[in-house]
Structures are given as C-alpha cells and as structure tokens.
Amino acid sequence: MGNSSGTPETRPATKPPARSGSLEAPTTGKNRGEAGEPATSSLAGWLGARSDAELVTLLELRPDLAVPLPSSMAVLAARAEQRASVLRATDDLDTLDFAILETLAVHGVTRTDSNGAPLRRDELHVQLRERVSTAAIDAALARLSARALVWTDGDQLHLVAAAVEALPWPIGSTTEIPDALTEPEVRAALPELSAAATALLDKLATTGPRGRTRDAAPGTPADRPVQQLLTRRLLHRIDDETVELPVTVGQILRNEPVTHPHALTPPKPKPKKQTSADVNAVAAGEVGELLRHCTAVLELLGQAPAPALRAGGLGVREIRRIAKHAGVEEPRAGLLVELLAAARLIEKGLPDPPPEVDSTDDFWAPTPAVDAWLEAPLARRWVALAMAWLELDRAPWMIGMRDANDKPLAALSIELRSPHAPRDRHTILGLLAEYPSGSALTPADIGRVLAWRQPRWRRHFRLEAVQHTLAEAAALGFIGRDALGSPARALLHGTPTSAADAEAAMETALPAPVDHVLVQADLTVIAPGPLTADLQHRVALVADVESAGAATVYRISEGSVRRALDAGLTAAELHALFTKHSRTPIPQALTYLIDDVARRHGQLRAGMAQSFLRSDDPALLAQVLAAPVASALALRAIAPTVAIAQAPLGEVLEQLRAAGFAPAGEDSAGVIVDLRVRGARISVRPNARQPWRPTPPSAEQLQLLVTELRAAERATSARSGQSVRTDGTRTNTAATLALLQLAARVRRSVNIGYVDAQGVATQRVVEPVKVGNGQLDAVDPVTGAIRHFTLHRIASVALLD
C-alpha cells in the first residue's frame, strides 16, 4: 500500500515466525504423565515409547511416514516433523484441534516465566475450559497425539514446529478476541465502501490477511481507504505499517461459511423433519426421470454420435442437440453426459459402424455395456450411475462457466477435473447421513458445520459449491425434500454389501410396476405408472412417448403401428396386446388403424440378392419398377412377382418407404424380421478415464512395518563387537561367511545390514541358525520366527556384545 495515490497498493506481509515449545523442552527424565507414561526428551524417544498399536494408528493416519520404511525412530520422527507431511496430517483437524495447536504455539512464543517451560495439560485446560469442556480438550489432545503433532514429556505438551504453518487463520485469532464485527454488521458495511476500499479488501482476501502500508500510521488523512476501513473496523491495525483483515470479513468476501476461530464448539443446526416415505418417494421420482433421460441420450448418440472437440469435450451445439432430444435443459444435459461417461456407458473414439461423415476425428458414442445396462432392472441401473457419480473426479456443475481465458467450460473437457470432488461429495452427504432419516438441512447449515470440522478445507464448502453438489444429488435421487433418502444412506455405508443394499432400498422406493394401460378414444395410451419390462417394450414399439412423468402418455399413429409390424408383430398380436392390458374399452378407431396398416403392410417383400423384392400382386411390383426409385436401387424383374436389387436390404426398405410404398423385410423362410438400426457402439479402452488412486495398506501390513521398525531400532541401538562390512571382494565375502558361521556355532546375536529386493537398506538384530546355499537362516528374537536372508544382499555383519 502506498500513500502517494488514491488507490492503495497491497503487498502481503509475512507472519512472524512462531517457534514450537518442543524445541526447548527441558526434562528431568523422572517425570511421568497423567497416563503413567515415562518422560521423554525428544519426539523420537516419545515415538519409541509408543505401543505397537499406537504406531499402527499413526501410520494409518499418516501413511506417508512409512514410505520408504524408516530405519529408526529418529528417521520416523524427522519425517513426522517435515512441513509437507504435517500439512497433510492437519487436513482433517477441526477448529478445536487447531485452537489447541495455536494455544501451544502462542505459548511457546510469548511465555517467559518458569524458564520458558512448555505448557502443561492442566494449564491448557485452564486457558480453554471456559469455552469447551475438559473431556472435549482431552479428546482433541488424543487426536493430535495419535497423529504425532503433539507429544508429551511427562505432563508437558510439546508441539511439532511445522504445525504452526498449518493454522487456517492468522496466529492469535483463537487466543485473542479483537473487537470484531458480526456477520450482519459486515454485510451491511460492505456496500457502503468506495471502489478503492473494496478493491483493497478483495486483494487481502485473495492474497493473504496481512498487508504492508504507510497509511496505517497515526496522522494519515482520514479520507484514505486504509483509514476508512480501520475506522469501520473492517481492518485491524497491527503497527504503523501493517494491517490485517479480520477473519469474518475475509470469509464473507470469499463467500465461505462464516465461523469464528474462537468458537470451539461445533454449530448445531436445527434440521427440518420430513417423513422417510415422502423423502424416498421424491427421490424415486427423480430416479425415474434420470433413467428416462439417460436412455434418450444413449439412443440419440447411438443413432448420431456426437463429434468430440479437439480438446476432447462436447461442444455447445452438441449439448443443445442432446438437450432438445431428451427434453431437458442444457445444464442437465451436461450432467447426463458426464454421468454416462463416468459409468463407461459412452466413450470417445471411432464408433462401429462409423458415422456417415467424412472425418477421422473422434466421436462420443455408446459402449457395448449399454445393452446390458438397458436390460437391467431400474434399481440396478440407478446404482451404476450413483456409484459413478460418487467417485467422479470432476465437477459437472461447472459446465458453461468461464475459465481464465474467458472461454466457457465444455462438458467432458479436461478443465472440469477436480481431484477433490469425490471427497467433497462424500463429506457433504456424509453429514446428512449423520442425522436421523428425514432430517433436512439447508446448504448454509451444511457449510457452517463442515467449515468448523475442517477449517483448512472451508473453501471447498462455499455456499455455491454446497448448493450445486446438493442439486446434483437431488437430480440423481440421493436426496428428496433436502433430506437423504434410504437408498443413498445404504450406498454411503461403504461396506461390501452397500451396492446390493442400496439396490434393494431403491426397489422398495420405486413405484411397483403396473401391467395395464388406459387406451383413450384419441389414440393415446396412458401408463398410470412404470410398466413391467415386457409391457414397456411392446408399448414403446407400437406407440411414441408424448409426455413422461409419474404417468406416461403414449400416442399411436400409422407410423408407430408400421414400426411394430416391421419388428415382426402381427395385427392379431397388436389387438391381443391392447385387449389384454387395457383397463378401458378399445376404441374402434384403434382397431381400424391397426387393420388398415396391416392390410397394406407386407404386400411388398424385400430380401437379399444382394436383396430381392417380391409381391403376390404383379401390378404392384410393376408399379415399383416403373417408379424413379427402381433405377436408384438398380431393380430388375426376374419374374412377374419377383425383382432383385444391387443395394443392401436396409437401403432398399428405406428408399421404398421414402417413395411412398410400405415394404416389409423377410428372412429365408418368409418370416418378417426386425431390421431396425441398433445404434453405434465404441469399444471401451482399458483403464480409460479411470484416475489412479493408491490403495492404503492394511492393518496387517502396517503391523509388519512396525515390527520391522522395532527390529531396525534395536539394531541401531545395539552395542556391536567384531564387525565386517562387505565390499564385493572375495576376502570380505569370506570374512562375512566366517563371522556368520561363528555366530551360528556359539549362538550369538548379530546386527546385519540388509538391502532388500526393492533396494531399501535396513538393519536388524537376528540369531543365525544356519549358513549355506547362498542363504542365512536366522531367528527373529522378538517373534521367534525363522527368517531367510540372501547372503549377497547382506551389506554388513557385527557381533553383539
């Protein structure tokens, strides 16, 4: 900031370094903590005193500490204090956890009494117990100790130095409560500011809360933006050249949930109660619409694959085409294609058969998995889409927004990738799952609770992000009336049976299929609910959807009846279909329509010659041969009732119908065959669009790692006598064998340096039993198990005193 112009210039100020109390931890070696644990003077010593179960828990919470396997507790402690590892370990800490870290950090910086002794547990309770219970403080300390962010020396608490850099707010925000404005006061004051003052606040909100300026000094003219903001308490003065943006003001400017660091108890929203039946009914209704729209998109892309952009996504024109065909808005069309791509029901490539365009570019088209998905029950189809959305590392709600170059973000483009999207979805929906069934929370309430629980991730829970996530969840049938449905709760459990449980719950929530329709006099057919699979297939064959919803309306026309006859149905079968399944009398107009179309249908038969044409009426065949279409198809009469064509059968049928005739395709036995186009398909490429995620180690693997670490620690601290270090020469190799054979004869333990097949060097104490055949057989003194070591991988051997 400068005072030479009307618009101040901001440059972020560096926070003063805070040193950890753990660096100056005096210890007598005789103190014992409240839990009866021995005093330790270093983090390495404290880690060495942990039980195996506690070390396994530490490695579960901080798996980066175990890669590669540390050779000693000192190495493990050094990794635990590294800045990058500490920042990862603090991502899941809540506001109370950070308040304790800040209290310990401020104490380490400011305390001058007691020779700078670290803060004790009882002193921490005194400082915080007015705002939070003792039990909550102890639980928070247990979480911090489990992550090795805080360690104890008797009853003294030590802080890992890098933890200060993980604080999600300026240091002192928890321990010192300035005269800050409330959220309503800030929102009322912001519109009254000048453009220069607003720009200054926006810059501090995006670059850092502290700024350097000369306008903070006393005596600066009151009309300067900094002085105006200080007067309105929208800035805090640190010294004559430093100002700081209050936490609440920064949260409002960044559109984050407003929670103050001094609030050490979580927000307690009051959910609105809904009945579980209503919630599940609304969710099931959305699922029906979702599956219908997805089917429409797959049908369109199968008939006319969409060309991919050079960057790989779908252009605005294609999204509009899809939206028009499916009868949805463009944002929903973008969500549908993202879902189908995530479920691997559509893919980018060159479809088979290729589109009728002269292009070598990629297209988006259905995959072979579509056929099985379309035949599956509705609940199973929903589970496939729901699971794909939960793990989708993309943000479909950002489609259409502008990027840094002011260009709209395209559906299925790489710019929509967001690695944290699955974590955010699980967190938001997981909060709803914590409340009883039928509990509805507002997006603002969800954002506040999650911002308190994970303040380092609060920007992921902005009101806009939470609203869009909940909107997508509602569109997929996860929630209804702002509450989580039973199928979604089952899916979020994360157990091996979650998918099956969710499918069963969705089957219960979906309306029971009906086996009847209502045929109206205007040739419309009303399905009062979802039809059974067989009836749905037959009705869709003989009628076109006019309007969909809880009750679907179909319309029967001459073209739709001809389509059913082309598929192999007879007039008698169509009459029987409506007679059997209609709860209303069959109108005479429908009977006449079916009979009239059937009387003209199939009088002209086409087959393969490449293909042939036959008719029992020679006059009709002569009429065809005299039409212009005959020359286009290269038709030639070979009998009064038979002609052959050089064009494929599908083309013959298509062009004859376009010319006004009504031919039907038949097989070698004269039976009408269904020659409808099935749509294009694209083969799924291996591992296409599947992000790699590391598999966390199991508890058994971590227990083995801890055992190895204990062995390496014993080897490091063991007192060695005679030793040999190999260098690849024959003399040293012989000396190594001799020393190992001696240890095996006299039953002496040795400390060996061993390099495993992955190139990781470790030390361990073992008791040699046998040396031979290029292998050392030795007993592990801790487990008593026989271990086998390849001799050429042993780098050093030392007898233990």
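1. A word on labels before anything else: helices (H or I, at least four residues) and strands (E, at least two) are DSSP runs, numbered from the N terminus. With that in hand, Asp482 can be placed in the loop between strand E11 (479-480) and strand E12 (483-484). The phi of Asp482 is near 65 degrees, so a residue other than glycine takes a positive value here, and I'd look at that spot in the viewer. Do keep in mind that this is a predicted model.

2. For the overall picture, the protein holds 30 helices and 27 strands. Of its 801 residues, 47% count as buried. If you take the contacts in the protein with a separation of 6 or more, 66% come from residues 24 or more positions apart.

3. Now for an open sheet of 3 strands, ordered E7-E9-E8 with antiparallel pairing. Strand E7 (306-307) and strand E8 (346-349) are its edge strands, each pairing on one side only. E7 pairs with strand E9 (residues 363-366) in the antiparallel sense, and 2 bridges hold that pairing. If you want a register check, Ala306 has Trp364 of E9 as its bridge partner. Packed on this sheet is helix H12 (residues 276-303), which touches E7, E8 and E9. The directions of H12 and E9 make about 120 degrees with each other.

4. Arg344 deserves its own point. You'll find Arg344 in the loop between helix H14 (330-342) and E8. Its phi is near 60 degrees, a positive value, and Arg344 is not a glycine. Is Arg344 buried or partly exposed? Its relative accessible area is 22%, and because buried means under 20%, Arg344 falls in the partly exposed class.

5. Further along, E24 has pairings with E23 and with E25. Strand E23 (residues 750-755) runs antiparallel to strand E24 (residues 761-772), with 6 bridges between them. In that pairing, Tyr754 stands opposite Thr762 of E24. The hairpin of E23 and E24 has 5 residues between the strands, and Gly759 there takes a positive phi near 85 degrees.

6. On to the next hairpin. E24 is also joined to strand E25 (residues 775-779), by 5 bridges and again in the antiparallel sense. Gln775 in E25 is the bridge partner of Gly772. This hairpin of E24 and E25 has 2 residues between the strands, and Asn773 takes a positive phi near 55 degrees.

7. Last, a helix pair. Two packed helices are described by the angle between their axes and the distance between the axes. What are those values for helix H23 (residues 558-566) and helix H25 (residues 588-600)? The angle is about 55 degrees, and the axes are 10 Å apart. That angle makes H23 oblique to H25, because it is not under 35 degrees and does not fall in the 65 to 115 range for roughly perpendicular. H23 passes H25 in a right-handed crossing. On the H23 side, the contact is made by Glu558, Val561, Arg562 and Leu565, while H25 brings in Leu593, Ile594, Val597, Ala598 and Arg600. By class, the contact residues come out as 6 nonpolar, no polar and 3 charged. Among the charged ones you can pick out Glu558 of H23 and Arg600 of H25.

How values were computed
Residues are numbered from 1 along each chain as its sequence is written. This is a predicted model: local features need pLDDT of at least 70, side-chain atom pairs count only at pLDDT 80 or more; totals for chains, interfaces and linings use all residues. Side-chain values use heavy atoms; hydrogens and water are left out. Two strands pair if DSSP finds at least two bridges between them. Contact means heavy atoms within 4.5 Å. Axes are lines fitted to C-alpha atoms, for helices over the stretch in contact, and angles run from 0 to 180 degrees between N-to-C directions. Angles under 35 degrees count as roughly parallel, over 145 as roughly antiparallel, 65 to 115 as roughly perpendicular and the rest as oblique. A crossing is left-handed if the near helix is turned anticlockwise from the far one by less than a right angle, and right-handed if clockwise. Buried means under 20% relative accessible area, exposed over 50%, partly exposed in between (1.4 Å probe, protein chains only).
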